[in-house]
Amino acid sequence: MKEKRDRRQQKTRQSILKAFKILLTQKRYSAITVQNIVDLADVGRSTFYAHFETKDMLLAELCDDIRDHVVSQHLKAESSHDFSDSPPNPKTVITHIFYHLRDDHRNLVSMMADETRALFLHYFKNSLIEMFRMIWRDAIDRSDLPEGFLLNHIAGAFVNTLDWWISRQMTDTPETIAVLYLQTVEPVLAASAKDSGV
């Protein structure tokens, strides 16, 4: 019974998130109301608030959704890219994130178009930190820098790279952007290693 209830709650949560994503392609984030979301998701307001305290929490969930997608599925083929034969290393994970963001371009542009920009980038940066801790675990463990500082730095560099890429209408390939990003953070990780002699 509990499993059935949990499945139903998860389905409702996904319906709300799906409605939110659809609305992001139609209007600016600031113009989307909770009523718009519940109408499209076909749920009551009390149901919405049982899952999300605010509309901003939906934005945070969307960022976590991007992260979870990459972490759980980066070895599966997708319509725009296929890393199924690639080992899970920083380059494939980072490239996959950029592909996923480009594929979700309409939502991304909407979230970056108004006062939501800073909020989205803040949530997205925070959602990346755990993933970056995973993919650079060895380098972080060897670093002389405080872990929180180093993770904040490399997540911040990712967000700045994304911002720059969007400002160029995402004309560069995800592979190119991933290489540019990695060329800026991997030397920092290497230079901060305890055994680097610096």
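# Working through an all-helix fold

D42 sits in the loop between α2 and α3 (45-51). That residue opens the first of these exercises, which all use a predicted model.

**Exercise 1. Look at D42: what is the sign of its phi, and is the residue buried or exposed?**

*Solution.*
- Step 1: Find the spot. D42 comes just after α2, and its phi there is positive, about 60°.
- Step 2: Ask what to expect. Most residues other than glycine have a negative phi.
- Step 3: Compare. D42 isn't a glycine, yet its phi is positive.
- Step 4: Check the surface. The cut-off for exposed is over 50% relative accessible area. D42 has 69%, so it counts as exposed.

**Exercise 2. Now try Q169: which loop holds it, and is it buried or exposed?**

*Solution.*
- Step 1: Q169 is in the loop between α9 (147-167) and α10.
- Step 2: Its phi is positive at about 55°, although Q169 is not a glycine.
- Step 3: Its relative accessibility is 59%, and therefore Q169 is exposed.

**Exercise 3. Which residues of helix α2 (residues 34-41) are buried, and where do they lie around its axis?**

*Solution.*
- Step 1: Pick out the buried ones: V34, I37, V38 and A41.
- Step 2: Recall some helix geometry. With 3.6 residues a turn, residues three or four places apart in an α-helix point the same way.
- Step 3: Look down the axis of α2. The buried residues fit within an arc of 90°, so they line one face of the helix.

**Exercise 4. Which residues does F20 touch, leaving aside its neighbours within four places in sequence?**

*Solution.*
- Step 1: Place F20 in helix α1 (residues 2-26).
- Step 2: Check its exposure. The relative accessible area of F20 is 0%, so F20 is buried.
- Step 3: List the partners beyond those neighbours: Y29, I37, L58, L59 and L62. One of them, I37, is among the buried residues of α2.
- Step 4: Add a distance. F20 and V38 are 18 residues apart in sequence, and their C-alpha atoms are 9.1 Å apart in space.

**Exercise 5. At what angle do helix α5 (residues 90-103) and helix α7 (residues 116-135) cross, and which residues make the contact?**

*Solution.*
- Step 1: Take the axes. They come within 11 Å of each other and cross at roughly 155°.
- Step 2: Name the arrangement. Angles over 145 degrees count as roughly antiparallel, and that is why α5 and α7 are roughly antiparallel to each other.
- Step 3: Add the hand: this crossing is right-handed.
- Step 4: Find the contact. α5 brings P90, V93, I94, I97 and L101, while α7 brings F124, L128, M131, F132 and I135.
- Step 5: Sort those residues. Ten are nonpolar, with no polar and no charged ones.

**Exercise 6. How do α5 and helix α10 (residues 174-191) pack, and how do the contact residues divide?**

*Solution.*
- Step 1: The axes are 9 Å apart, at an angle of about 130°.
- Step 2: Because of that angle, α5 is oblique to α10.
- Step 3: The crossing of α5 with α10 is right-handed.
- Step 4: From α5 the contact uses P90, K91, I94, T95, F98, Y99 and R102; from α10 it uses P174, E175, I177, A178, V179, Y181, L182 and E186.
- Step 5: These residues divide into ten nonpolar, one polar and four charged.

**Exercise 7. Step back: how many helices and strands does the protein have, and what percentage of its residues count as buried?**

*Solution.*
- Step 1: Count the elements: ten helices and zero strands.
- Step 2: Of the 198 residues, 42% count as buried.
- Step 3: Among contacts with a separation of 6 or more, 64% link residues 24 or more positions apart.

Methods
Residues are numbered from 1 along each chain as its sequence is written. This is a predicted model: local features need pLDDT of at least 70, side-chain atom pairs count only at pLDDT 80 or more; totals for chains, interfaces and linings use all residues. Side-chain values use heavy atoms; hydrogens and water are left out. Axes are lines fitted to C-alpha atoms, for helices over the stretch in contact, and angles run from 0 to 180 degrees between N-to-C directions. Helices (H or I, at least four residues) and strands (E, at least two) are DSSP runs, numbered from the N terminus. Angles under 35 degrees count as roughly parallel, over 145 as roughly antiparallel, 65 to 115 as roughly perpendicular and the rest as oblique. A crossing is left-handed if the near helix is turned anticlockwise from the far one by less than a right angle, and right-handed if clockwise. Contact means heavy atoms within 4.5 Å. Ala, Val, Leu, Ile, Met, Phe, Trp, Tyr, Cys and Pro count as nonpolar, Asp, Glu, Lys and Arg as charged, and the others, Gly among them, as polar. Buried means under 20% relative accessible area, exposed over 50%, partly exposed in between (1.4 Å probe, protein chains only). The arc is that of the directions from the helix axis to the C-beta atoms.
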